[in-house]
Amino acid sequence: MNKTDLVNNISTKSGLTKKDVETVLNSFLGEITDALSTGDKVQLIGFGTFETRKRSGRTGRNPQTGQEISIPESNVPAFKAGNKLKEAVK
């Protein structure tokens, strides 16, 4: 399912217009992005938690030349599914 399919499904089930659903969905995703970029986590009880995790620095290789390169540590987004979501998927 892609974003267009999601908007269409929500619009059909809720009776809202596709434009309104897309506006809400974009706002929702923007709020999650803003929260994660400031280091906060977003917890939706029963669904899951969006958070950032620190990935430590490491040594990698350039696949073309085989030369070792240093990859710095970074923050990466992560999602941990909640119990209700886990049960629904089983």
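**Exercise 1. Work out which residues make up the largest nonpolar core, and which element gives the most to it.**

Solution. Start with the list: the largest nonpolar core holds five residues, Ile-32, Ala-35, Leu-36, Val-42 and Phe-50. A nonpolar core here is a set of buried Ala, Val, Leu, Ile, Met, Phe, Trp, Tyr and Cys residues joined through side-chain atoms within 4.5 Å; buried means under 20% relative accessible area (1.4 Å probe, protein chains only). Next, the elements: α2 comes out on top, with three residues. Then pick Ile-32: setting aside neighbours within four places in sequence, it's in contact (heavy atoms within 4.5 Å) with Val-42 and Phe-50.

A word on the model: it's predicted, so local features need pLDDT of at least 70 and side-chain atom pairs pLDDT 80 or more, while totals for chains, interfaces and linings use all residues. Numbering runs from 1 along each chain as its sequence is written, and side-chain values use heavy atoms, without hydrogens or water.

**Exercise 2. Find the strand order in the open sheet, and say why β1 and β5 each have one side without a neighbour.**

Solution. Helices (H or I, at least four residues) and strands (E, at least two) are DSSP runs, numbered from the N terminus; strands pair if DSSP finds at least two bridges between them. The order is β1-β2-β5, with antiparallel pairing. β1 (42–44) and β5 (74–81) are at the edges with a single partner strand each, so one side of each lacks a neighbour in the sheet. Now zoom in: eight bridges join β2 (residues 48–55) to β5, and Glu-51 sits opposite Ala-78 in β5.

**Exercise 3. Locate the hairpin and its positive phi.**

Solution. Strands β3 (residues 58–61) and β4 (residues 68–71) pair antiparallel over four bridges. Six residues lie between them, and Gly-66 in the turn has a positive phi of about 80°.

Conventions. Buried < 20%, exposed > 50% of the residue type's maximum accessible area, 1.4 Å probe, protein only.
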